[in-house]
Amino acid sequence: IVLEANTFEDDYQKVKFVHDYIIEFISYDYDAFEKGDAIDAETDARVSTAYGALVLGEVMCAGYARAFDLVMHEIGYESYFVSGTADGGAHAWNLLLLGEGYCHIDLTWDDLDGDPAEVRYDYFCLTDEEISKTHTTDETSSYPAANVAEYNYFVREEMLLDYYSFAAVTK
């Protein structure tokens, strides 16, 4: 992953490659998720680690985030493993320094269960304001402010609407 990512000169392309590669390779472990707090220590160690993600290929959110964090550090980026909640449950994702600022990336929520044709970018390079609509960081943790929007997938790929007319759509 590191060797291939380093073939890209552009930061956005490197990060997008790592995001896509991990999502395409890993599957979410729904069986472990269903066990909730009853998960045994061995399973928890497997589904919450970069090893579980990059070697075994099946993890929960912490495994996605730790794998991404590990790879980003290996290619020279400042990255944080972020813990908090999303939709009321415990969750983990990443905060990454890109250019002059930070952005949030949630590979778990961008994964449609390993289908490479269905990688999403809804949680790729979000600001604090954007991620806070669905995610909340732990109150005991302190992270740098995420205020960079230029690397957001939809901004970078010019997929945002500048204008919307309900009247034009209903014709």
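**Chat about a predicted model**

Q: Let's start with Asp29: buried or exposed?
A: Buried: the relative accessible area of Asp29 is just 3%, and a residue counts as buried under 20%. Keep in mind that this is a predicted model.

Q: Okay, so which side chain does Asp29 meet in a salt bridge?
A: Asp29 pairs with Arg46, at 2.9 Å from N to O. The two come from distant parts of the chain, 17 residues apart: Asp29 is in the loop between strand 1 (27-28) and helix 3 (30-35), while Arg46 belongs to helix 4 (residues 41-47).

Q: And how does Arg46 count on accessibility?
A: Arg46 counts as partly exposed, with 27% relative accessibility. Its partner Asp29 is buried.

Q: How many salt bridges does the structure hold?
A: Three. One of them joins Arg156 to Asp10, with 3.1 Å between the closest N and O atoms.

Q: What does the Arg156 and Asp10 pair tie together?
A: Parts of the chain that are 146 residues apart in sequence, because Arg156 sits in helix 9 (residues 153-156) and Asp10 in the loop between helix 1 (2-5) and helix 2. Both ends are partly exposed: Arg156 has a relative accessible area of 33%, and Asp10 has 28%.

Q: Which residue does Lys16 bridge to?
A: Asp20, again with the closest N and O atoms 3.1 Å apart. These two are four residues apart in helix 2, so about one helical turn separates them.

Q: Is Lys16 buried or exposed?
A: Lys16 is buried, with a relative accessible area of 17%. Asp20 is buried too, at 11%.

Q: Switching to hydrophobics. How many residues are in the largest nonpolar core?
A: There are 35, and Val15, Val18 and Phe68 have the most contacts inside this core.

Q: Which elements give two or more residues to that core?
A: On the helical side, helix 2 (11-25), helix 5 (50-56) and helix 6 (61-74); on the strand side, strand 4 (89-98), strand 5 (101-105) and strand 6 (124-126). Helix 2 gives the largest share, six residues.

Q: What is Val15 in contact with, leaving aside neighbours within four places?
A: Phe68, Met72, Tyr77, Leu96, Leu98, Ile105 and Phe124.

Q: How many residues are in the other core?
A: That one has ten, including Val82, Ala86, Trp109 and Ile131, and it lies apart from the larger one.

Q: Now aromatics. How many aromatic pairs does a search of the whole structure find?
A: It finds 13. Take Tyr12 and Phe124: their ring centres are 5.9 Å apart and the planes sit at 85 degrees, so this pair is edge-to-face. Here too, distant parts of the chain are linked, since Tyr12 in helix 2 and Phe124 in strand 6 are 112 residues apart.

Q: Is Phe124 buried or exposed?
A: Phe124 is buried, with a relative accessible area of 0%. Tyr12 is buried as well, at 1%.

Q: Which residues form the aromatic cluster with Tyr12 and Phe124?
A: Tyr121, Tyr153 and Phe154 join them in one aromatic cluster.

Q: Where does Arg66 lie?
A: Over the face of Phe81, 4.2 Å from the ring centre.

Q: What about Ser79, where is its place?
A: In strand 3 (residues 79-86). Ser79 counts as buried, with 6% relative accessibility.

Q: And which residues does Ser79 touch?
A: Not counting residues up to four places away in sequence, Ser79 touches Asp69, Met72, His73, Asn94, Leu95 and Leu96.

Q: Let's zoom out. How many helices and strands does the secondary structure come to?
A: Ten helices and seven strands. The radius of gyration is 17 Å, close to the 16 Å that the globule rule gives for 171 residues, so the chain is as compact as a globular protein of that length.

Q: What box do the C-alpha atoms fill?
A: Along the principal axes, roughly 55 × 40 × 35 Å.

Q: What percentage of the chain do buried residues make up?
A: They make up 44% of the 171 residues.

Q: Last one: of the contacts between residues at least 6 apart in sequence, what percentage join residues at least 24 apart?
A: That comes to 52%.

Technical notes. Residues numbered from 1 in each chain as written. Predicted model: local features only at pLDDT ≥ 70, side-chain atom pairs only at ≥ 80, totals over all residues. Heavy atoms only, no water. Core = buried A, V, L, I, M, F, W, Y, C linked by side-chain atoms within 4.5 Å. Buried < 20%, exposed > 50% of the residue type's maximum accessible area, 1.4 Å probe, protein only. Contact = heavy atoms within 4.5 Å. Phe/Tyr/Trp six-rings, centres within 6.5 Å; stacked < 30°, edge-to-face > 60°. Lys NZ or Arg CZ within 6 Å of the ring centre and 35° of its normal. Salt bridge = Lys/Arg side-chain N within 4 Å of Asp/Glu carboxyl O. Rg over C-alpha atoms; globule rule 2.2 N^0.38 Å.
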